[in-house]
Amino acid sequence: MGPLLIWALRMVEDFAEDILAAAAERHRMSAIAETNAATPAGLAKLRAFLNRIVTEQQPFPSIWNGEHRAATTYIAARTGASRQQVGGLLGREGWAAYIRRRPGPCPLDITITGRIDNRPWRQAIDFGEAATLLRHLATACFVVVAYLTGMRPGEVLGLRSGCCPEPDNGPHLIYGNVYKTALDEHGNHLSHGTPREAPWVAIAPVTRAIRVLERIVPDGALLFDSTTHNATIGGRGRQGSLGLKTMRGRIEDFVAFASHTATVLDRPGEIIPADPHGAVGTARFRRTLAWHIARRPGGLVALAIQYGHLRTAISGGYASRGRDGIDDLLDVETARATIETLTTLHEDLTSGVGISGPAARRAVHAATRAATFTGQIITAKQARDLLANHHLTVYDNPNTLLMCVYKADTALCHHTGHQPSPRLDHCMPACANIARTDNHARGLREAAHQLEQRASHLPTPLAERLRLNATKLHAHAKRHHDQRITTPETTP
Ligand code: SF4
């Protein structure tokens with residue numbers, strides 16, 4: 001799911017302008033070709049175009065449709081001839097063999113602006129692939145919205161253009177509609193639905209994905225309007241939005257496209273690996289989101305600073321609708337992550353790993369309870385009970401190389417009184433809830449070493465800053481070494 005999200009974000013944030021420009025150019029050329037009249041002037045330009053190809057032995061603008069065929073619409077738009085003139089002349093002059101022998105691209109006249117590592121992500125977009133790329137872009141938007149809001153797939157597909165207005169202040173909010181229970185004052189069903197009571201909070205990439213979709217569909221239409229999204233690939237739409245089955249198929253296509261692009265760009269680490277759990281589907285986004293938020297606060301899902309607030313933002317948005325939404329999933333995944341942390345800590349401590357920090361003794365005590373929960377299948381109620389037990393709430397924080405043994409009344413990451421969980425992305429080094437093991441200390445030294453290495457290649461002011469950070473990390477590691485304790489079972 002990580003590489004899938006990376007590619008989806010890349011499409012939305014880096015490639016969308018190119019793809020939308022290509023789709024618009026393709027649309028413009030198709031409209032021109034559609035209306036070109038068969039005139040002697042158009043025919044003369046067509047002949048000149050073909051003469052140049054044969055004289056210079058250029059590749060022939062073609063499309064692949066089981067075999068290479070002339071890109072009639074593209075040629076008509078470029079020459080001013082009618083499509084009938086193009087097809088007629090090519091047939092009369094027997095160009096089929098040349099096209100098979102020297103098939104060529106149909107690059108659209110747009111400037112590629114998307115970059116990966118400062119290099120264009122491709123040289124051009126072809127007339128024949130613009131529609132497919134637009135389909136992948138819409139799929140990427142679905143992935144971003146589903147993944148980063150925690151909406152149910154059906155709720156994403158039910159969103160409309162205009163659902164996420166610019167706020168006067170505060171975060172962007174997404175207003176969805178309910179359809180099943182939408183009735184007017186006379187009890188008649190409203191096919192456009194009625195506004196859902198509680199909006200979702202949208203972080204920046206989600207807002208961008210919605211803005212992209214709003215440029216694809218007409219004003220006020222469903223963001224995944226079936227007619228529009230099928231028309232882009234020459235298919236026929238049905239009323240309403242794309243279906244879940246269609247979306248599942250499109251996600252699989254997108255996965256294949258992303259992996260192919262990673263291969264072409266020589267980025268083997270970004271190929272989306274085959275999933276041992278089968279096709280990605282649409283329902284897995286919410287659970288995966290919960291998994292990541294619980295385990296990697298400010299980390300992988302973060303990808304950028306703004307995701308640091310995701311748990312608060314998303315569960316806050318859901319909380320007002322009762323506890324049957326993603327809040328339950330978050331609790332369950334957070335409790336599971338806590339049990340994993342306790343189990344690992346227990347194993348480490350019993351094998352002689354040392355621990356330090358103001359909360360070290362509380363962490364040791366919590367670890368002794370780990371075996372109680374191992375292998376337990378957690379319900380939302382059990383998860384909430386576990387998370388409410390402040391003797392057990394130990395969170396690993398890989399980003400800051402420490403463990404948070406959470407106690408609300410001593411937490412420094414909250415300024416607003418007692419909160420049920422820590423803000424690991426705002427961890428403060430002086431907090432009384434911190435504990436570190438030998439593993440964290442080793443990580444600190446490695447991180448310091450990496451900073452020192454980077455500093456040796458940088459100009460002075462930047463290098464000084466990195467060296468200062470490295471010194472702080474070394475100091476944390478030394479303090480751990482000086483103060484570490486081991487549990488009685490393993491003390492010699
Ligand atoms: S400041 Fe850090 S250690 Fe303290 S409660 Fe917050 S996250 Fe935990």
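Trainee: Which residues are the closest to the ligand?
Mentor: Keep in mind that this is a predicted model. The ligand sits in the largest cavity, and 13 residues surround the ligand. The closest of these are C404, C413, C427, C431 and N433.

Trainee: How does the shell around the ligand divide into nonpolar, polar and charged residues?
Mentor: Cys counts as nonpolar, and C404 is one of the closest residues. Over the whole shell, the split is 11 nonpolar, one polar and one charged.

Trainee: C404 keeps coming up, so to speak. Which residue stands opposite C404 in β13?
Mentor: C404 is in β12, where it is the bridge partner of Y395. β12 is also joined to β13, by two bridges, and these strands run antiparallel. Opposite C404 in β13 stands I434.

Trainee: Which residues of β12 point one way, and which the other way?
Mentor: In a regular strand the side chains alternate between the two faces of the sheet. Here M403 and V405 point one way, and all the residues named for β12 are buried. Pointing the other way are L402 and C404.

Trainee: How many bridges join β11 to β12?
Mentor: β11 covers residues 394–397 and β12 covers residues 402–405. They form a hairpin with four residues between them, and L401 in the turn has a positive phi of about 55°. The strands run antiparallel, and the bridges that join them number four.

Trainee: In what order do the four strands of the open sheet stand?
Mentor: Strands of a sheet pair through backbone hydrogen bonds, either parallel or antiparallel. In this open sheet the pairing is antiparallel, and the order is β10-β13-β12-β11.

Trainee: Which strands stand at the edges?
Mentor: Look for a strand with a single partner, because one side of such a strand is left without a neighbour in the sheet. The strands at the edges are β10 (355–356) and β11.

Trainee: What stands opposite I355 in β13?
Mentor: β10 pairs with β13 (residues 434–437) over two bridges, in the antiparallel sense. Opposite I355 is T437.

Trainee: Let's turn to the rings. Are the planes of F15 and W121 stacked or edge-to-face?
Mentor: The count of aromatic pairs comes to six. The rings of F15 and W121 have their centres 4.0 Å apart and their planes at 5°. Planes under 30 degrees apart count as stacked, so this pair is stacked.

Trainee: How many residues apart in sequence are the parts that this pair ties together?
Mentor: F15 is buried, and so is W121. F15 lies in helix α1 (residues 2–35), while W121 is in the loop between β5 (119–120) and α6 (130–149). The pair therefore ties together parts whose separation in sequence is 106 residues.

Trainee: Which residues form one aromatic cluster?
Mentor: A pair of aromatic rings is described by the distance of the centres and the angle of the planes. The cluster has these members: F60, W95 and Y98.

Trainee: How far apart in space are I272 and L5?
Mentor: I272 lies in the loop between α10 (244–264) and α11 (284–295). I272 is buried, with a relative accessible area of 12%. I272 and L5 are 267 residues apart in sequence, and their C-alpha to C-alpha distance in space is 9.9 Å.

Trainee: Is D266 buried or exposed?
Mentor: D266 is found in the loop between α10 and α11, and it has a positive phi of about 60° although it is not a glycine. With a relative accessible area of 62%, D266 is exposed.

Trainee: What is the relative accessible area of N118?
Mentor: N118 lies in the loop between β4 (115–116) and β5. Its phi is near 65°, a positive value in a residue other than glycine. N118 is exposed, and its relative accessible area is 71%.

Trainee: Which residues of α3 are buried?
Mentor: Six of the eight residues of helix α3 (residues 72–79) are buried, so the helix is largely enclosed by the rest of the structure. Just after α3, G80 takes a positive phi of about 90°. The buried residues in α3 are T73, Y74, I75, A76, A77 and T79.

Definitions and conventions
Residues are numbered from 1 along each chain as its sequence is written. This is a predicted model: local features need pLDDT of at least 70, side-chain atom pairs count only at pLDDT 80 or more; totals for chains, interfaces and linings use all residues. Side-chain values use heavy atoms; hydrogens and water are left out. Two strands pair if DSSP finds at least two bridges between them. A residue is near a molecule or strand if one of its heavy atoms lies within 4 Å of it. On a 1 Å grid over the protein atoms alone, a cavity is a set of points where a 1.4 Å probe fits but cannot get out, and a pocket is an open set with protein on both sides within 12 Å along at least five of seven lines; lining residues have an atom within 4 Å of a point. A molecule sits in a cavity or pocket if more than half of its atoms lie within 2 Å of its grid points. Buried means under 20% relative accessible area, exposed over 50%, partly exposed in between (1.4 Å probe, protein chains only). Rings of Phe, Tyr and Trp (its six-membered ring) pair if their centres lie within 6.5 Å; planes under 30 degrees apart count as stacked, over 60 as edge-to-face and the rest as tilted.
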